[in-house]
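User: Hi! I'd like to go through the ligand site in this one, and then the other spaces and the backbone oddities. Could you pull it up?

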Amino acid sequence: MKIAPFELERWYVQYEFNVKYNISASCGRETTTAELLAMAGPEGREKYLNLGLDYTQNPGDPLLRQELSKLYASLSPDQIQETTGASEAIFLLMNHLLEPGDTVIAEAPIYQSLFSVAEAVGAKMKRWQLHEEHGWQPDLDELTRLIDSRAKMVVINSPHSPTGSVLSPEIQRALVELAEKRGFWLISDEVYRGIVYDPQALLPPAVDLSERAISIGDMTKPYGLGGLRVGWIAAHDRSVLEACSSMRDYTTMCNSAPSEFLATVALQHRDEILARNLAIARENMALFASFVEKHRDRLSWVKPRGGFTAFPKYNQDAEGKRSETGKNILSSREFCRRLVEAENLLLLPGETFGLDGHFRVGFGQDPRKFAVGLKLFDRFLEK
Ligand SMILES: Cc1ncc(COP(=O)(O)O)c(C=O)c1O
């Protein structure tokens, strides 16, 4: 398989573990093993320490799948296939569902694997552009124009990274109806599920609305547990799950017992962890709102309604000045590279999402560290 370099991950490979401050990550505040074992209690702790480290079951630990199925109104545990992060869920689904020549329509910008894996399989990609001036919402008329006779799949991500937008219930319902009418799969990346700043923005998982919808989730984003590498596919159609399980024999085979155990504990304490991570993100977002206000001649943004990231726009030329015409601004890679070199502070260039003139900022981490990061960013912009 020939596949395009993953621009976002390549950026992080270069900088993520070398910089002092990273205010661009997309996950909730990191959760520690000690915190989870405290939640599990003395018995749970003992169980964890005595776990065998042999292979585990390919579809996933039954207890974990049971906890995961509680996140959906319409699914039983055997309608969940565990994967190694949402990354593997995307990889397996695209490889199983698509044939060369199929049309896949994906929101743009979007996390790259949601279109590059499909392209590597030979699908024809069409971009369903999100518009900043519409609060990064997609337009249904545009989608209708993109659907052709070979449309096999529409790919969405809500809450959305990097923009923080959340689909309206009307658009979600219309998408599901279109999927049923036109017979395509609606692949709904819901890794930020539950992370919304207004309870009215909470959507049902797409899989609960239709048999043509498949939801993807993970423990990485909401719970700050990326290191567990636990993700999953939630679908009605058992044959899709079985085909993904069978392909998984060649990719990762199974998760690890410690990861499955800790993921189960986190799900059993879901409300507590989500409330903590949402409170942290709210605090950071308020700091960032004041920061954008202070630099409003150079920065603008659409305030996120969900997720842990935003995708602000900057207006700065190569001399560090505001560009009067909005033209000749520094490329986002160069903007972020200069920031790393000057202040040891990491942002993610919009170009890694195919959109220059923007950067991604993330609200998941300790607010004290986030505040230091903003001070450094402030100094950089003032210079
Ligand atoms: C929208 C989206 N989907 C999927 C993933 C993959 O995450 P993981 O493999 O850690 O579950 C990411 C990671 O950044 C993401 O932002």
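Analyst: Happy to; we'll start with the ligand and go on to pockets, cavities and backbone geometry, keeping in mind that this is a predicted model.

User: Great. Which residues come nearest to the ligand?
Analyst: A86, S87, D189, D218 and K221 do, out of 14 residues around the ligand.

User: And what's the mix of residue classes in that shell?
Analyst: The shell around the ligand has 5 nonpolar, 5 polar and 4 charged residues.

User: Which helices should I be looking at?
Analyst: Look at α4, residues 85-97, and α8, residues 220-223, as each of them supplies at least two residues of the shell. The largest share comes from α4, with 4 residues.

User: I care about polar contacts for a docking setup. How far is the ligand oxygen from the side chain of S87?
Analyst: An oxygen atom of the ligand lies 2.5 Å from an N or O atom in the S87 side chain. There is also a backbone contact at A86, where a polar backbone atom is 2.6 Å from an oxygen atom of the ligand.

User: What about T220?
Analyst: For T220 the side chain takes part: one of its N or O atoms is 2.8 Å from an oxygen atom of the ligand. As for burial, the ligand taken alone exposes 400 Å², and the protein buries 95% of that.

User: Where does the ligand sit, then?
Analyst: In the largest pocket. That pocket holds about 1,300 Å³ of space. Its lining counts 46 residues, and the closest to its centre are E16, A25, S26, C27 and T220.

User: Handy for placing a grid box. Which elements give two or more residues to that lining?
Analyst: The elements are α1 (7-15), β1 (21-22), α2 (33-49), α4, α8 and β14 (359-362). With 4 residues, α4 gives the most to the lining of the largest pocket. So we meet T220 twice here: its side chain has an N or O atom 2.8 Å from a ligand oxygen, and T220 is among the residues closest to the pocket centre.

User: How does the pocket lining divide by class?
Analyst: There are 17 nonpolar, 17 polar and 12 charged residues in the lining of the largest pocket.

User: Switching to enclosed space. How many cavities of 30 Å³ or more are there?
Analyst: The structure holds 3. The largest cavity has a volume of about 130 Å³. It is lined by 16 residues, with S158, P159, E190, L203 and P204 closest to its centre.

User: And the character of that lining? 
Analyst: By class, the lining of the largest cavity has 10 nonpolar, 4 polar and 2 charged residues.

User: What lines the second largest cavity?
Analyst: The second largest cavity, with a volume of about 110 Å³, is lined by L71, Y72, E190, V191, R193, G217, D218, P222, Y223, W232, R270 and L274. At least two of its lining residues come from each of β7 (213-218), α8 and α11 (270-294). The classes there are 7 nonpolar, 1 polar and 4 charged.

User: I remember D218 from earlier.
Analyst: Good memory! D218 is among the residues that come nearest to the ligand, and D218 also lines the second largest cavity. E190 turns up in two places as well, lining the second largest cavity and being among the residues closest to the centre of the largest cavity.

User: Last topic, the backbone. Where is P109, and what kind of peptide bond joins A108 and P109?
Analyst: P109 lies in the loop between β3 (103-108) and α5 (113-121). The bond joining A108 and P109 is cis, with omega about 0 degrees. Another cis peptide bond joins S161 and P162, with omega about 10 degrees; P162 is in the loop between β5 (151-157) and α7 (169-182).

User: And phi of W136?
Analyst: It is near 60 degrees, a positive value in a residue other than glycine. W136 lies in the loop between β4 (124-129) and α6 (140-146).

Terms used: Residues numbered from 1 in each chain as written. Predicted model: local features only at pLDDT ≥ 70, side-chain atom pairs only at ≥ 80, totals over all residues. Heavy atoms only, no water. Near = heavy atom within 4 Å. Polar contact = N/O pair within 3.5 Å; in protein donor to acceptor, adjacent residues only side chain to side chain. Areas by Shrake-Rupley, 256 points an atom, 1.4 Å probe, with all protein chains shown as cover. 1 Å grid on protein atoms, 1.4 Å probe; cavity = no way out; pocket = protein on both sides within 12 Å on 5 of 7 lines; lining within 4 Å. Sits in = over half its atoms within 2 Å of the grid points. Nonpolar A, V, L, I, M, F, W, Y, C, P; charged D, E, K, R; others polar. Points joined across faces, edges and corners; volume = space filled by probe spheres on them.
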